[in-house]
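Grab a coffee and work through these short exercises with the model open beside you. Each task comes with a solution in steps.

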Amino acid sequence: MKAHRKQPLYLAFLLHRVSGLGLVLFLPFHFYVLALSLQGNEKLDSFLHWSQLPQVKFAETGLVFLLAIHLLGGLRLLALENLPWSNAQKNYAAIALASAFFVALGFLLRAF
Amino acid sequence: MLEMRLYLAQRISAAILAPLVLMHLGLMIYAIQGGLDAGEILGRTRGSFFWGSSYSLFVVAVAVHATIGLRNILREWLQWRGPLLHWFSWLCLAGLLFAGLRAVAAVVLP
C-alpha cells in the first residue's frame, strides 16, 4: 500500500469521496419518489408506508450519515482552502466524523 | 482551463449547498418523528414560493456538484477520458436537472 494511503487524512478524503458517490447513486431514486406525488397523494403515501419498515429506517439513517459526513467533510475542505487555518487538520476530520455520527444518531432516535 | 473552471464550480456549488443541506438535515430530523405522510409533506410545500425557490436552487447546485464529483471519480479511478467522459458528464447533469426539477414541481405546484 502506498505510504500516503495510511494517513488519516487519506481516510478523510476517501470517506468524502465514497459518501459523495453513495449520495449521487441515491439521488435519482429520491427524485423519483418525490415525483410519485404527480400521480396523487396515495401513490406517495404507499411508498412512505413502506419506508416505515425498520430495515428501511436503518438504511435511511445510513443515508443521513452519508449526507452529514459529506457536508462536514466538505465544510472542512472549504475552511482549509479559504480560511487561514493550516494546522490540526486531523482534528477537523475527527470532529467532522464525530458530528456526522451524532446527526445520524439523532435521526435514528427520532425515527423509532 | 476546463479543470480550473470545474474546480471553481465544484467549490461554489458546495458553498451554496452547505446551508441548504443543513436545513434539509434539520427538517428531516424534525419531520421523521411520528412517521412521514404525503399530506404533511405536501401541505408544507404545495404553493410555497419559499420551498419552491429553495428546492430549485438545491437541485441546480446538487446537479452541478454531483456531476463534477462523479466526473472526478470516473477520471481518476476509472481513467475515463475524451468524448466518453465529456458526454457522460453532460448526460448526468441533464438527467439530474430534469429529474430534480420535476420532483420539485411535483411537491410545490398546486
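Two residues count as in contact if their C-beta atoms, placed from the backbone, lie within 7 Å. This is a predicted model, where local features need pLDDT of at least 70, side-chain atom pairs count only at pLDDT 80 or more, and totals for chains, interfaces and linings use all residues. Residues are numbered from 1 along each chain as its sequence is written, and chains are lettered from A in the order in which they are written.

**Exercise 1.** Work out which parts of chain B touch chain A.

*Solution.* Start with the head count: the contact takes 27 residues from chain B and 30 residues from chain A. Next, sort the chain B side by helix (a DSSP run of H or I, at least four residues, numbered from the N terminus). α1 (2-31), α2 (38-45), α3 (49-77) and α4 (82-108) of chain B each put in at least two residues. The largest share, 8 residues, belongs to α1(B).

**Exercise 2.** Describe the fold and spread of chain B.

*Solution.* Tally the elements first: chain B has 4 helices and 0 strands (strands being DSSP runs of E, at least two residues). Along the sequence that reads α-α-α-α. Now check the spread: the radius of gyration of chain B is 17 Å, well over the 13 Å that the globule rule gives for 110 residues, so chain B is more spread out than a compact globule. (The radius is taken over C-alpha atoms; the rule is 2.2 Å times the number of residues to the power 0.38.) Last, the box: the C-alpha atoms of chain B fill roughly 45 × 25 × 25 Å along the principal axes.
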